[in-house]
Amino acid sequence: MGRLNDYEQMLDSAGQMQALIAKLLNAKAGEAKLNQGWISAQLLAAELPGPDEVHSLALEMHDQMIEILDGITKMEVGLSRGLKVLLGQEEEASGMGDAFGIGGRPPG
């Protein structure tokens with residue numbers, strides 16, 4: 001029974017970690033909503049010389065968001081791999097489809 005309890009603890013910990021990640025993402029979304037108005041006002045008030053500068057500033061902000069999403073995705077892929085190992089499933093497929101359960105072999 002010791003090994004089964006260890007597995008249950010690991011699954012419970014993974015579930016708790018996912019819940020904390022969800023809270024973190026929710027807080028980040030709220031923060032982004034608050035910052036949205038401020039950023040828009042700053043861009044309008046900045047009196048940038050032309051549209052090229054506005055676009056480059058917008059691209060910088062988008063690049064930062066992409067980096068954050070990429071980091072979160074890598075973390076989630078790592079968590080899913082750990083759970084697959086725990087559950088004894090083989091890692092046949094790789095990539096994003098596998099991370100979200102839409103790649104690899106069908107369940108069952």
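Here is a short walk through this structure, helix by helix.

What you see is a predicted model, with residues numbered from 1 along each chain as its sequence is written. Local features need pLDDT of at least 70, side-chain atom pairs count only at pLDDT 80 or more, totals for chains, interfaces and linings use all residues, and side-chain values use heavy atoms, with hydrogens and water left out.

So how sure is the predictor? The pLDDT (its confidence in each residue, from 0 to 100) averages 77 over the protein chain, and 79% of the residues reach 70 or more. Over residues 102-108 the pLDDT drops below 50. Where pLDDT is low, don't read the predicted coordinates in detail.

Now look at helix H2, residues 51-87. Helices here are DSSP runs of H or I with at least four residues, numbered from the N terminus. Gly88 follows H2, and its phi is positive, near 80 degrees. Inside H2 you'll find Ser80, which counts as buried at 17% relative accessibility. Buried means under 20% relative accessible area, exposed over 50%, and partly exposed in between (1.4 Å probe, protein chains only). The Ser80 side chain reaches the backbone oxygen of Val77 at 3.0 Å.

H2 also holds a salt bridge (a side-chain nitrogen of Lys or Arg within 4 Å of a carboxyl oxygen of Asp or Glu): Asp70 pairs with Lys74, their closest N and O atoms 3.3 Å apart. These two sit 4 residues apart, about one turn of the helix. Asp70 is partly exposed at 38%, while Lys74 is exposed at 57%.

Over in helix H1 (residues 2-45), Glu31 and Lys28 are 3 residues apart, and they form a salt bridge at 3.9 Å between the closest N and O atoms.

Technical notes
A polar contact is a pair of N or O atoms within 3.5 Å; within protein, one must be able to donate a hydrogen and the other to accept it, and residues adjacent in sequence count only if both atoms are side-chain atoms. pLDDT is the predictor's confidence in each residue, from 0 to 100. Contact means heavy atoms within 4.5 Å.
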